[in-house]
Amino acid sequence: MSSVVIDMSSLSLGYGGKPVILDATASIEAKDFVFIVGKSGSGKSTLLKSFYGEVESVSGSLSVCGVNMKNIVASKLNILRRHIGIVFQDYRLINEWTIEKNVMLPLIVNGFAKTICINQAQKLLKHVKLLHKAGKYPLELSGGEQQRVAMARALAHNPVLILADEPTGNLDDYSSEVIWNLLRSAKEFLGTTVIVVTHHIPSTINVNYKHFFIDDGYLHEII
Ligand SMILES: Nc1ncnc2c1ncn2[C@@H]1O[C@H](COP(=O)(O)OP(=O)(O)O)[C@@H](O)[C@H]1O
Ligand SMILES: [Mg+2]
């Protein structure tokens with residue numbers, strides 16, 4: 001039996017009366033690796049934001065990890081977000097904090113002891129090949145390095161679900177490869193459900209994935 005992580009039924013999203021996603025019905029199961037593809041402005045980020053409650057539905061239903069997102073109260077949303085790792089295209093690191101402390105953030109929020117936070121942050125920084133820069137600050141790193149830190153942070157608390165918005169959009173080949181390897185490992189070794197929105201699926205990705213496409217507001221699965 002599979003468990004459904006994201007369940008959309010006739011889901012419509014938009015801003016102030018302007019429709020963006022229309023009547024989307026789809027489900028994503030635990031341990032799926034999913035690409036949602038569409039051209040710029042097609043609604044990829046909007047759909048991803050609805051999965052962590054930053055964009056509310058206009059109509060239809062959406063549940064995430066079994067939680068109904070309609071009119072979700074802030075306290076419930078905060079609890080849900082502790083099970084989700086998020087990677088934005090623009091990294092969103094805290095510039096006043098060291099790299100190591102940035103990676104520790106979700107662990108601190110989840111109330112882990114300091115030694116666990118440090119050990120886990122160091123383990124993840126090693127995975128993204130940045131342990132030697134643990135004491136540096138985000139603005140001392142290149143864009144690709146910052147995105148690798150953001151990816152390490154997103155995985156630090158072993159989330160059940162990772163949401164990544166064009167995570168390799170502006171990156172060099174080496175950083176992109178580190179990120180795809182980490183996402184693939186999260187699915188394969190930790191059983192994490194991975195959802196990536198992108199305008200382009202990398203040809204080198206070596207993982208079984210589900211492929212959705214947004215065209216003119218409609219979400220289609222490509223089988
Ligand atoms: N906060 C917002 N307010 C109003 N319109 C928005 C907002 N965010 C995105 N949009 C519009 O919604 C559409 C889809 O945007 P987005 O989801 O960011 O697309 P993508 O990520 O595929 O490039 C675009 O027309 C964009 O201008
Ligand atoms: Mg976008």
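Author: In this predicted model, a residue is near a molecule if its C-beta atom, placed from the backbone, lies within 6 Å of it.

Reader: Which residues are around ligand 1, and which of them has the number 44?

Author: The residues around ligand 1 include Tyr15, Val20, Gly38 and Ser40. The others listed are Gly41, Ser42, Gly43, Ser45, Thr46 and, at number 44, Lys44.

Reader: Which helix gives the largest share of the shell around ligand 1?

Author: The residues of this shell divide into two nonpolar, seven polar and one charged. Three residues of the shell come from one helix, spanning residues 44-51, and this is the largest share. The helix in question is H1.

Reader: Across which strands does H1 lie, and at what angle does H1 run to E8?

Author: Helix H1 lies across strands E3 (33-37), E7 (161-165), E8 (193-198) and E9. Relative to E8, the helix H1 runs at about 155°.

Reader: In what order do the six strands of the open sheet stand?

Author: The chain has six helices and ten strands in its secondary structure. Six strands form an open sheet with mixed pairing, and the twist from one strand to the next averages 20°. The order is E6-E7-E8-E3-E9-E10.

Reader: Why is one side of strand E6 and of strand E10 left without a neighbour in the sheet?

Author: Strand E6 covers residues 84-87 and strand E10 covers residues 218-222. Both stand at the edges of the sheet, so one side of each is left without a neighbour. The reason is that each has a single partner strand.

Reader: In what sense do E9 and E10 run, and which residue in E10 stands opposite Phe213?

Author: Strand E9, residues 210-215, is joined to E10 by five bridges, and the two run antiparallel. Opposite Phe213, the residue in E10 is His220.

Reader: In what sense does E8 pair with E3 and with E7, parallel or antiparallel?

Author: E3 and E8 are paired over five bridges, and Phe35 stands opposite Val196 in E8. E7 and E8 are likewise paired over five bridges, with Leu163 having Ile195 in E8 as its bridge partner. The sense is parallel for E3 with E8, and for E7 with E8 it is also parallel.

Reader: How many residues of E8 are buried?

Author: A residue is buried if 20 or more other C-beta atoms lie within 10 Å of its own. Strand E8 is mostly covered. Of its six residues, the number buried is five.

Reader: Which helices are included in what covers the buried residues of H3?

Author: In helix H3, residues 99-109, the buried residues are Ile99, Glu100, Asn102, Val103, Met104, Pro106 and Leu107. Just after H3, Gly111 takes a positive phi of about 80°. The cover of the buried residues includes helix H4 (114-127) and helix H5 (143-155).

Reader: Is Asn68 buried or exposed?

Author: Asn68 is found in strand E5, residues 67-68. Its C-alpha atom is separated by 15 Å from that of His83, 15 residues apart along the chain. Because Asn68 has 12 C-beta neighbours inside 10 Å, it counts as exposed.

Reader: What radius of gyration does the chain have, and why does it agree with that of a compact globule?

Author: The C-alpha trace spans about 45 × 40 × 40 Å along its principal axes, and buried residues make up 37% of the 223 residues. Among contacts between residues at least 6 apart in sequence, 70% join residues at least 24 apart. A compact globule with 223 residues would have a radius of gyration near 17 Å, so the value for the chain agrees: 17 Å.

Definitions and conventions. Residues numbered from 1 in each chain as written. Chains lettered and ligands numbered in written order. Predicted model: local features only at pLDDT ≥ 70, side-chain atom pairs only at ≥ 80, totals over all residues. Helix = DSSP H or I, 4+ residues; strand = E, 2+ residues; numbered from the N terminus. Nonpolar A, V, L, I, M, F, W, Y, C, P; charged D, E, K, R; others polar. Pairing = 2+ DSSP bridges. Axes fitted to C-alpha atoms, helices over the stretch in contact; angles between N-to-C directions. Contact = placed C-beta atoms within 7 Å. Rg over C-alpha atoms; globule rule 2.2 N^0.38 Å.
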